[in-house]
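Please open the model in your viewer and keep the sequence beside it. The tour below proceeds by selection, one stop at a time.

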Amino acid sequence: MKNAGTVLMYNCSGEQFSKLKQIFAMLRLRMRVVEPDRYHIPLEELSRGKGEPGEAAEPLPEAMLVFCGLGQALLNQVLEVIRVANLPPIPLKAVLTETNREWDTRQLYAELCREREAVAGQQE
């Protein structure tokens with residue numbers, strides 16, 4: 001059976017994320033754990049399993065997921081299953097787009113943090 005898309009996973013190791021991995025496997029999503037020595041590789045290449053490791057960067061301080069090649073209906077299904085499964089919160093989530101496909105991990109992380117701060121500022 002063809003896989004339905006890929007999820008880049010950052011800091012999602014350990015027992016608390018085993019249920020998340022089971023969910024992704026059930027939905028036939030390929031999981032790619034991104035280690036700090038691959039943070040310099042563009043997101044699109046990471047989604048294909050390409051790119052050579054480089055100098056290990058400082059690990060991200062929190063978990064992050066990047067959904068690659070999922071249709072809107074499947075993405076909605078994945079997010080809903082994560083929500084109802086009572087998993088540890090993963091506030092940083094992104095979808096691979098034309099805009100961010102050439103970004104590296106650090107660029108995406110910085111942008112997601114800016115967006116989170118902007119939303120938090122609007123809610124005050």
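In which loop is Asn86 found? Select Asn86 and its surroundings: the residue is in the loop between α3 and β4 (92-95), where helices (H or I, at least four residues) and strands (E, at least two) are DSSP runs numbered from the N terminus. This is a predicted model, in which local features need pLDDT of at least 70 and side-chain atom pairs count only at pLDDT 80 or more, while totals for chains, interfaces and linings use all residues. Residues are numbered from 1 along each chain as its sequence is written, and side-chain values use heavy atoms, with hydrogens and water left out.

Stay with the backbone for a moment. Most residues other than glycine have a negative phi. Asn86, however, has a positive phi near 55 degrees, and this residue is exposed, with a relative accessible area of 71%; exposed means over 50%, buried under 20%, and partly exposed in between (1.4 Å probe, protein chains only). Next select Arg28, in the loop between α1 and β2 (29-33), which also is not a glycine and has a positive phi of about 60 degrees. Arg28 is partly exposed, its relative accessible area being 41%.

Now turn to the interior and select Leu20, Phe24, Leu65, Phe67 and Val78, the residues with the most contacts inside the largest nonpolar core, which has 20 residues. A nonpolar core here is a set of buried Ala, Val, Leu, Ile, Met, Phe, Trp, Tyr and Cys residues joined through side-chain atoms within 4.5 Å. At least two residues of this core are supplied by each of β1 (5-10), α1 (18-26), β3 (64-68) and α3 (72-84), and the largest share, four residues, comes from α3. Centre the view on Leu20: leaving aside residues up to four places away in sequence, Leu20 touches (heavy atoms within 4.5 Å) Met9, Cys12, Leu65, Ile82, Leu87 and Ile90. Apart from this core lies another, of 17 residues, among them Val66, Ala94, Tyr109 and Leu112.

Finally, display the aromatic rings. A search of the whole structure finds two aromatic pairs, a pair being rings of Phe, Tyr and Trp (its six-membered ring) with centres within 6.5 Å, stacked if the planes are under 30 degrees apart, edge-to-face if over 60 and tilted otherwise. Tyr10 and Tyr39 form a tilted pair, 5.8 Å centre to centre with 55 degrees between the planes, and both residues are buried. Phe24 in helix α1 and Phe67 in strand β3, 43 residues apart, form an edge-to-face pair at 6.4 Å centre to centre and 90 degrees between the planes.
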